[in-house]
Amino acid sequence: MHHSKRFGCHAYPLLFLITLAVPGLMAQNSTGSVSPEPQAQTAPENPQQNQIRLAQEAQARVHARREQRKRRIVEDTYSHKFEVYGGGGYTRFRPGASLQHINESAWNGGFTDYLWGRLGLTADLRGYYGNAFIPPNPYNIFKPSISQYTFMAGPQYRFVRREHWAIGGQVLVGAAKGNFYANSAEFPGTLVGLWSKGTDVSFAATVPIDYNISPGLAFRIQPGYWLTTFGSTTQVKNLGWNAGLVYRFGRR
């Protein structure tokens, strides 16, 4: 009896300690046994989306190469320092104060030195030829041949520069010589209403439009306005165009 009481005295504290320890062990066990949550995985790319993405990337690369090639061509084309041009043309011209406008054929040639980037200095030569229509007169002269020659110079500026074409502006001033004879014997043209022969001031404003055949060669059409002062009278309705080839050379 005495032994059982001693056992009970020792057993109760032991049970108390076990009661306190078991929940902590269970919690530690449960915490250690928790498996980590699986990481979220990216959904696999749809085959159709993959094809679209690859096509877009390929198209972007092609576009970038094309733009790079265009820049190289533009730089190669418009980095030339000199241009020589020549060809033929047409203009409407009034050969006398009381005479009607006539059609004249023309030749044209010039040289441009690009001094500062897009800005150049141009020297230009032209020749115009036509037949004036003379009303009845006592000299029986009705369709005399006339001609004019000009030498002008001035600035030329290239406003638009593209791979295949370019647009510029040209303003020229100088002198024009008029041969206004009534016949091959140099009969004075003033007697049949023509301007008096001589050299007078000339002005021209044109728009050179180039289509590039290669970096050094282009076809040019050049609509323009030509002002003359023959006979001390300003002729303001001389409209026409020139067309021909442009050859570029030299480097800046």
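A contact here means heavy atoms within 4.5 Å. The model is predicted, so local features need pLDDT of at least 70 and side-chain atom pairs count only at pLDDT 80 or more, while totals for chains, interfaces and linings use all residues. Residues are numbered from 1 along each chain as its sequence is written, and side-chain values use heavy atoms, with hydrogens and water left out.

**Exercise 1. Describe the order of elements in the chain and the range of its contacts.**

Step 1. Helices (H or I, at least four residues) and strands (E, at least two) are DSSP runs numbered from the N terminus; the chain has two helices and nine strands, in the order α-α-β-β-β-β-β-β-β-β-β.

Step 2. Of the contacts between residues at least 6 apart in sequence, 63% join residues at least 24 apart.

Step 3. Buried means under 20% relative accessible area, exposed over 50%, and partly exposed in between (1.4 Å probe, protein chains only); 33% of the 252 residues count as buried.

**Exercise 2. Work out which parts of the chain are tied together by the salt bridges of Arg69, Asp76 and Glu83.**

Step 1. A salt bridge is a side-chain nitrogen of Lys or Arg within 4 Å of a carboxyl oxygen of Asp or Glu, and the structure holds nine of them.

Step 2. Arg69 meets Glu163 at 3.1 Å, N to O; this pair links helix α2 (residues 47–78) to the loop between β4 (145–161) and β5 (165–179), 94 residues apart. Arg69 is partly exposed at 36% relative accessible area, whereas Glu163 is buried at 14%.

Step 3. Asp76 meets Arg251 at 2.6 Å, N to O; because Asp76 lies in helix α2 and Arg251 in strand β9 (residues 235–251), the pair ties together parts that are 175 residues apart in sequence.

Step 4. Glu83 meets Arg248 at 3.3 Å, N to O, which links strand β1 (residues 80–93) to strand β9 across 165 residues. Both Glu83 and Arg248 are buried, and salt bridges with shared partners join them with Arg158, Asp210 and Arg220 into one network.

**Exercise 3. Locate the nonpolar patch and name the strand that gives the most to it.**

Step 1. Patches are made of residues with over 30% relative accessible area and no salt bridge, like charges being joined within 9 Å and nonpolar side chains (Val, Leu, Ile, Met, Phe, Trp, Tyr) within 5 Å.

Step 2. The members are Trp165, Val207, Ile209, Tyr211, Ile213, Phe219, Ile221 and Leu245, with about 720 Å² of accessible area together (Shrake-Rupley method, 1.4 Å probe, with only the protein chains shown counting as cover for residues).

Step 3. β7 (209–214) and β8 (217–228) each supply at least two residues, and β7 gives the most, with three.
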